[in-house]
Structure formats: C-alpha cells, structure tokens
Amino acid sequence: MASSIGSSSAWGVTMIAETAYRALAVFVPGWVLDDRSLAPPACGDVVEVVLTFHPTGPTPSPCGQTVRATVRPVFGHTPYSDPEGGLRWPLEAIGDGWSAEWLSDRPRAGRVELTGRLVVDIFWTGSDNPVLVRGRVRRVQLVEQRIENTGSGLRAVEGTERLTEVESTPYRFWSNWETPSTEDHFQGTGVLVDLDLDDVPAPKVEFVAGAVSVDGPDLWVMDRSNPVLLHVDSGSAPPRIVEYLLPLTIEPPKDQWTRKVHADRDGCWITSRHEVFRCDRTGTGH
C-alpha cells in the first residue's frame, strides 16, 4: 500500500534509570588511547564513545558500578564460541542515556541490574552500528594496577586497581609496560572518566545524501539514514530546494542504504523492503 506525504564516581554509585541527573563512569583502557581512537579526555570535554559491558568477578573493583538496564539480543547475530568453552551471546544493554554491548555467558532479555565495568572499546561485539554515548567529562582518574611477571609475559592483577584524580589524561605510551622488579610494581592501565550525560550540546543533524533519482530538471535525494527527502528544481534560477520530512523510521547509516527513489514527472516514489511512499509535488504538495 502506498502512503501520501507532504512537505514540510562513579565508584560505588547505583544509577537508576529515569533519574533527574544522569552520570556514568566509564573506563578508557590505555590501548584505546594508544590507538588514537579517542583523544585523551580532560575535564570539561564532550566525548562520544562506544561502550562494552564487562561483569566484575568476586573481587570488587573501584572501576565497577551497578546499573539498571534493559537487555536485548543484538539482532541478526548468533552466539560466538568461547575459546575457553561454551557460548557467548551478543547482547545490548540499554540504560537511561547510554547503551553498551555485552558478550554474555547465557541468553538474557528484559530489565536487569548489572554490576561491572563500562569500558570504552573500538572492537564491539557484533552490532553493525553501535550506539555512541555522549557525555561531558566531569572527573578523570588515573587507574593503576599491580603488574606481575607470569614467566610468559606481563599481566595486570585483577582487584589491585588504585585511583588518582587528575585534571586530564596523561600523555604517554600506555602499552609499554615495565618489567616489575618488586611485587609492589604498579603501572598505569587507563583512566576512569565520569560522564555527565545531561550537560551536552544537542548533536548537529546534517543531511547526508543517499539514494538519488532525476527526471528532467527535478532532482530527488533521500538522506542516507534520516527520513528526509530533498527536491531540487534545477529549472529555476537559483535552483529551488524543498525539504520533505517523511513518516519513516531512522535507518542505520550503512554504506548501502535500503531505500530507493524513483522520480517521475509529478514527483517520486520512495521504496524499500517494508514500505512504498509517494511524494507528489503537484497541487497542494501532498
């Protein structure tokens, strides 16, 4: 059926969804900073990050927190084989103003309370378009852990984290660990950042061209992700541009968008796997 349209602290904090003040503590590993995937955060910065959730073990961690979220499977992805045995289910945990991906040891769905670390990542669990979490940095704490020599390499000892508050993330090469000479050797492993999810400017929405169709002097362009259609009348001087806001869903910004535009003399059709819309520019513009 065709439809017709017209123009137009972290530490120890329990965060409850739908609260007036939304804050989130996220751990930025040193290897992410070395990768230059994220500029070293400082107090006052606004950052956008992809998060993964890591449950904490029996040893409490000062980088951990308890959050409430709605968990759902990542659409279209089957469980992964765990090298240590068993399966891992790719899930998405959705909180108030944030989202994180999680490889769970069992399938889950619905409202849950999670205790663990929210970690900035660049190799997410499987979602083709992970959600970016935006927040203003309110506090930065240097995270150091005790390093031990296992004989086959160096590793950070779980549960030995200590925090030191700083104004900004130190500039260093985080992945270059020193061989410990004593049992009390500590090494910087990253930073713990408190994000204010409310005190951020609204994201700037820009038109990104997707599908295009031409009929004579009429050029029709569909946005790659948002339900916005542009009509450019190149026959007028200067060219006249009309924006149409469509009652369609927002699609993930993939390289190959699903909507197609088909121009004709009186307007255009917008088609996809799920719907067909008509934009008729004659008469009243409906």
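Which residue is the bridge partner of His-231 in strand 18? In this predicted model, the partner is Val-242. The two residues belong to a pair of strands that run antiparallel, strand 17 (residues 228–233) and strand 18, which are joined by 6 bridges.

Strands 17 and 18 are part of an open sheet of 4 strands, arranged in the order 15-16-17-18 with antiparallel pairing. Strand 15 (209–215) and strand 18 form the edges of this sheet, each pairing on one side only. From one strand to the next, the twist averages 20°.

Aromatic contacts were examined next. A pair of aromatic rings is described by the distance of the centres and the angle of the planes. The structure holds 2 aromatic pairs. In one of them, the ring centres of Phe-53 and Trp-102 lie 5.2 Å apart with the planes at 85°, so the arrangement is edge-to-face; the angle is over 60 degrees, the cut-off for that class. This contact links distant parts of the chain, since Phe-53 lies in strand 5 (residues 51–55) and Trp-102 in strand 9 (residues 99–104), 49 residues apart. Phe-53 has a relative accessible area of 5% and is buried. Trp-102, likewise buried, has a relative accessible area of 5%.

Trp-220 and Tyr-244 also form an aromatic pair, with 5.9 Å from centre to centre and 40° between the planes, and this pair is tilted. Here too the contact links distant parts of the chain: Trp-220 is in strand 16 (residues 218–223) and Tyr-244 is in strand 18 (residues 240–245), with their positions 24 residues apart in numbering. Both strands belong to the open sheet in the order 15-16-17-18, and strand 18 is one of its edge strands. Trp-220 counts as buried because its relative accessibility is 0%, and the threshold for burial is under 20%. Tyr-244 is buried as well, at a relative accessible area of 4%.

Contacts between charged groups and aromatic rings were also found. The charged end of Arg-117 sits over the ring of Phe-27, at 4.7 Å from the ring centre. A corresponding placement involves Arg-162, whose charged end sits over the ring of Phe-186, 4.0 Å from the centre of that ring.

Methods. Residues are numbered from 1 along each chain as its sequence is written. This is a predicted model: local features need pLDDT of at least 70, side-chain atom pairs count only at pLDDT 80 or more; totals for chains, interfaces and linings use all residues. Side-chain values use heavy atoms; hydrogens and water are left out. Rings of Phe, Tyr and Trp (its six-membered ring) pair if their centres lie within 6.5 Å; planes under 30 degrees apart count as stacked, over 60 as edge-to-face and the rest as tilted. Buried means under 20% relative accessible area, exposed over 50%, partly exposed in between (1.4 Å probe, protein chains only). A charge sits over a ring if NZ of Lys or CZ of Arg is within 6 Å of the ring centre and within 35 degrees of the ring normal. Two strands pair if DSSP finds at least two bridges between them. Axes are lines fitted to C-alpha atoms, for helices over the stretch in contact, and angles run from 0 to 180 degrees between N-to-C directions.
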